[in-house]
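Take a moment with the sequence and the model before reading on. We will begin at the ligand and work outward.

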Amino acid sequence: MLNIAVFASGRGSNFEALYRAIIDQHILAKIVVVISNNSASGALTLAQSFGIPAYHLSQRQFQDPKMYQQKTLETLRAFGTNFIVLAGYMKKLDSEIIREFPNRIINIHPALLPKYGGKGMFGMNVHSAVINAGERESGATVHFVNEAYDEGNIIAQQTVPVDANDTPETLAAKVLQVEHRLLPSIVKIFSEQSAK
Ligand code: GRF
């Protein structure tokens with residue numbers, strides 16, 4: 001059984017898509033906790049409405065980074081976490097957390113990595129860069145998380161066409177639809193592997 005901790009900073013639509021897919025598709029996984037560095041994250045409100053423990057944990061609540069990292073690790077352990085999904089998490093995970101979950105942390109990125117990744121490449125910045133570069137296609141990437149931004153091994157990608165009249169907003173909406181299917185499909189594969 002995958003005991004998943006979801007980290008999210010924003011509205012939480014990928015978290016919601018994953019939550020619903022787990023139920024609808026009978027995926028052998030459970031989202032045991034949701035953690036956000038943003039107290040106003042929609043993911044926290046959604047988690048509460050689904051009855052999932054939700055925590056706002058941010059560096060600002062702690063005097064030193066070690067305490068913050070320890071609290072995060074304690075929270076993950078307290079819920080028996082054995083898999084982590086970053087679903088729009090805008091903060092780099094501490095290396096101690098990454099080392100505790102080797103090849104057990106995945107992220108969803110709204111472009112076809114290795115292009116359009118790295119520092120500053122989030123949200124509309126990504127889609128603007130894709131359009132400005134004249135790309136004919138974009139898409140979503142699920143990849144392992146390592147200690148560098150967006151550089152872990154790619155697990156899966158799905159493309160969408162970039163149309164001549166696409167704006168960053170219309171492209172974001174198309175990519176998001178793909179994200180909402182791709183992320184659960186990968187979690188399903190991991191859940192099947194862990195059931196063996
Ligand atoms: C998604 O586009 C995801 O790929 C990126 O951040 C966005 C999060 O959206 N990493 P949401 O909070 O899941 O709605």
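**Around the ligand**

A backbone N or O atom of N14 lies 2.8 Å from an oxygen atom of the ligand. Keep in mind that this is a predicted model. G12 also uses its backbone: one of its N or O atoms there is 2.8 Å from a ligand oxygen. R11 reaches the ligand with its side chain instead. An N or O atom of that side chain is 2.5 Å from an oxygen atom of the ligand.

How much of the ligand's accessible area does the protein cover? On its own, the ligand has 370 Å² of accessible area, and the protein covers 89% of it.

Now look at the whole shell. The residues around the ligand include a run you can follow in the sequence: G10, R11, G12, S13 and N14. Further along come G88, then I108, H109 and P110, and finally E179. Sort this shell by class and you get 6 polar, 2 nonpolar and 2 charged residues.

**The pocket that holds it**

Where does the ligand sit? Its place is the largest pocket. Two elements each give two or more residues to the shell around the ligand: α1, residues 13–24, and β5, residues 105–109.

Step back to see the pocket itself. The largest pocket holds about 890 Å³ of space. Its lining counts 41 residues. Nearest its centre are G88, Y89, M90, F122 and G123. Find G88 again: this residue is also in the shell around the ligand.

Several elements build the lining of the largest pocket. Those that give two or more residues are α1, β5, α5 (123–132), β6 (137–144) and α6 (168–195). Which of them gives the largest share? That is α6, with 4 residues. By class, the lining of this pocket has 19 nonpolar, 14 polar and 8 charged residues.

**A second pocket**

Move on to the second largest pocket. Its volume is about 160 Å³. It is lined by 14 residues, and Y68, K91, K92, L93 and D94 are the closest to its centre. Helix α3, residues 65–78, supplies the largest share of this lining, again as a count of 4 residues. The lining divides into 8 nonpolar, 3 polar and 3 charged residues.

**Two backbone details**

Finish with the backbone, where two loops deserve a look. One is the loop between β5 and α5, where P114 lies. The peptide bond that joins L113 and P114 is cis, with omega at about 10°. Recall that β5 gives residues to the shell around the ligand.

The other is the loop between α1 and β2, with β2 spanning residues 29–36. Here you will find H26. What sign does the phi of H26 have, positive or negative? The phi of H26 is positive, about 55°, although H26 is not a glycine. And α1, at one end of this loop, is another element that gives residues to the ligand's shell.

Methods. Residues numbered from 1 in each chain as written. Predicted model: local features only at pLDDT ≥ 70, side-chain atom pairs only at ≥ 80, totals over all residues. Heavy atoms only, no water. Near = heavy atom within 4 Å. Polar contact = N/O pair within 3.5 Å; in protein donor to acceptor, adjacent residues only side chain to side chain. Areas by Shrake-Rupley, 256 points an atom, 1.4 Å probe, with all protein chains shown as cover. 1 Å grid on protein atoms, 1.4 Å probe; cavity = no way out; pocket = protein on both sides within 12 Å on 5 of 7 lines; lining within 4 Å. Sits in = over half its atoms within 2 Å of the grid points. Nonpolar A, V, L, I, M, F, W, Y, C, P; charged D, E, K, R; others polar. Points joined across faces, edges and corners; volume = space filled by probe spheres on them.
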